Amino acid sequence: WLEKYMFCILFQVAQYIHFSLPVLQAFLKKFKEEEEREVEKIKERFVRALLALFSLAVSLHVDYRTSRL
C-alpha cells in the first residue's frame with residue numbers, strides 16, 4: 001500500500017510543481033537514500049554510546065543486571 005500511497009502523492013505534487021513523475025521519483029529515491037544513511041549514523045552512535053556505558057559500568061564494577069535508574 002505504501003507504493004500506491006507514494007505514487008498518489010507524487011502525482012498530486014507533480015500537478016502543482018510541474019515536475020514529471022520520473023523526476024519526482026528520482027527525488028524520492030535520493031531522499032530515501034539519505035534517510036537510510038542517517039538511520040545508519042544513528043545506529044552507529046547508539047552502539048558507540050552503549051559500548052561506552054558498558055565499559056564505564058565494568059570499570060566501576062557495577063552489576064548492570066541489578067542496577068536501577
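Is Y16 buried or exposed? Select Y16 and find out: its relative accessibility is 67%, above the 50% cut-off, so Y16 counts as exposed. Keep in mind as you go that this is a predicted model.

**The whole chain**

Zoom out and colour by secondary structure. The protein chain has two helices and zero strands. Now colour by accessibility: buried residues make up just 6% of the 69 residues in the chain. The chain exposes about 6700 Å², and carbon and sulfur atoms supply 66% of that area.

**The nonpolar patch**

Go back to Y16, which is found in helix α1, and add some company. Select I9, V13, Y16, I17, F19, V23 and F27, then show a surface: these residues form a nonpolar patch with about 640 Å² of accessible area together. Two elements, α1 (2-17) and α2 (21-59), each give two or more residues to the patch. Which of the elements gives the most to it? That's α1, with four residues.

**Along α2**

Next, select 21-59, which is helix α2. Draw a distance from its first C-alpha to its last: α2 has 39 residues and reaches 57 Å, close to the 57 Å expected at 1.5 Å a residue. While you're at that end, click on H61, which follows α2 and has a positive phi, near 60°.

**Salt bridges**

Switch on side chains and look for charged pairs. How many salt bridges are there? The count comes to five. Here are some stops among them.

Start with K29 and E33. Their side chains meet in a salt bridge, 3.9 Å from N to O, a distance that sits inside the 4 Å cut-off. Why can these two pair up along the helix axis? K29 and E33 are four residues apart in α2, so they are separated by about one helical turn. As a rule, an α-helix has 3.6 residues a turn, so residues three or four places apart point the same way. Check the accessibility of each partner: K29 counts as exposed, at 52% relative accessibility, while E33 is partly exposed, with a relative accessible area of 25%.

Move along to E34 and R37. This salt bridge has its closest N and O atoms 2.7 Å apart. E34 and R37 are three residues apart in helix α2, so about one helical turn separates them. Both come out as partly exposed: E34 has 35% relative accessibility, and R37 has 45%.

Then pick K43 and E40. Their side chains meet in a salt bridge at 3.6 Å, N to O. Both K43 and E40 lie in helix α2, three residues apart, about one turn of the helix. K43 is partly exposed at 48% relative accessibility, and E40 is partly exposed too, with a relative accessible area of 38%.

One more selection before you leave the salt bridges: K29, K30 and E33. Which residues are joined into one network by salt bridges that share partners? Exactly this trio, K29, K30 and E33.

**Last view**

To finish, show the patch surface and the charged side chains together. On the nonpolar side you have I9, V13, Y16, I17, F19, V23 and F27; for the charged pairs, pick out K29 with E33, E34 with R37 and K43 with E40.

Methods:
Residues numbered from 1 in each chain as written. Predicted model: local features only at pLDDT ≥ 70, side-chain atom pairs only at ≥ 80, totals over all residues. Heavy atoms only, no water. Patch = residues over 30% accessible without salt bridge, like charges linked within 9 Å, V, L, I, M, F, W, Y side chains within 5 Å. Areas by Shrake-Rupley, 256 points an atom, 1.4 Å probe, with all protein chains shown as cover. Buried < 20%, exposed > 50% of the residue type's maximum accessible area, 1.4 Å probe, protein only. Expected span 1.5 Å × (residues − 1).
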